[in-house]
Amino acid sequence: MYHFHAILQNIPLWAAIIAWAAAQGIKIILTLIVDKKFDASRIVGTGGMPSSHSSFTMALSFSIGKYYGFDSPLFAVAMIFSFVTMYDAQGIRRAAGKQAEILNMLILEHKIPDVDKLKELLGHTPLEVAAGALLGIVIGLWL
């Protein structure tokens, strides 16, 4: 039972979870405003504004910095983890999404049977990553 209580008291963990939930909530609201519809897939979906990966990792990093020191090795590890995650989100995963978009056009154009449409919204633009990072920093320092 001690371990469960310890998890509940882990502020950096909760900062990350709250930042992820806030980013996903913002995505739902923006989809309602822009597309004028509720899209349940945005609750856990990837891609879009702001990056929940960025907010998740940066909230974790800055919460660790706040509680253990911005000069601690733990903060350094968390920041490197955040930078790798954000680079992947706006680079590799974004490129994979663009490739999926092109493949979907080819599948549709050539009427290839028994092939499911590929997921296109995988990565993020630099602005989406920056917005997610800023959201994560604010939440990480706030909690």
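This note goes through the confidence of the model, one helix pair and the nonpolar cores.

1. The structure is a predicted model, in which local features need pLDDT of at least 70 and side-chain atom pairs count only at pLDDT 80 or more, while totals for chains, interfaces and linings use all residues. Residues are numbered from 1 along each chain as its sequence is written, and side-chain values use heavy atoms, with hydrogens and water left out.

2. The mean pLDDT (the predictor's confidence in each residue, from 0 to 100) is 86 for the protein, with 94% of its residues at 70 or more. Among the elements, H3 has the highest mean, 96, and helix H5 (residues 92-109) the lowest, 77.

3. Helix H3 (residues 52-68) and helix H4 (residues 73-90) have axes that come within 9 Å and cross at roughly 170°, which means that H3 is roughly antiparallel to H4 (an angle over 145 degrees). By class, their contact (heavy atoms within 4.5 Å) has 11 nonpolar, 7 polar and no charged residues; among them are Phe62 and Tyr68 from H3, and Phe75 and Thr85 from H4.

4. The largest nonpolar core (buried residues, under 20% relative accessible area, joined through side-chain atoms within 4.5 Å) has 10 residues, including Met58, Phe75, Met86 and Val129. H3, H4 and helix H6 (126-142) each supply at least two of its residues, and the largest share, 5 residues, comes from H4.

5. Leaving aside neighbours within four places in sequence, Met58 is in contact with Met79, Ser82, Met86, Ala133, Gly136 and Ile137. A second, separate core of 6 residues includes Ala15, Ala19, Ala23 and Ile139.

Technical notes. Axes are lines fitted to C-alpha atoms, for helices over the stretch in contact, and angles run from 0 to 180 degrees between N-to-C directions. Helices (H or I, at least four residues) and strands (E, at least two) are DSSP runs, numbered from the N terminus. Angles under 35 degrees count as roughly parallel, over 145 as roughly antiparallel, 65 to 115 as roughly perpendicular and the rest as oblique. Ala, Val, Leu, Ile, Met, Phe, Trp, Tyr, Cys and Pro count as nonpolar, Asp, Glu, Lys and Arg as charged, and the others, Gly among them, as polar. Buried means under 20% relative accessible area, exposed over 50%, partly exposed in between (1.4 Å probe, protein chains only).
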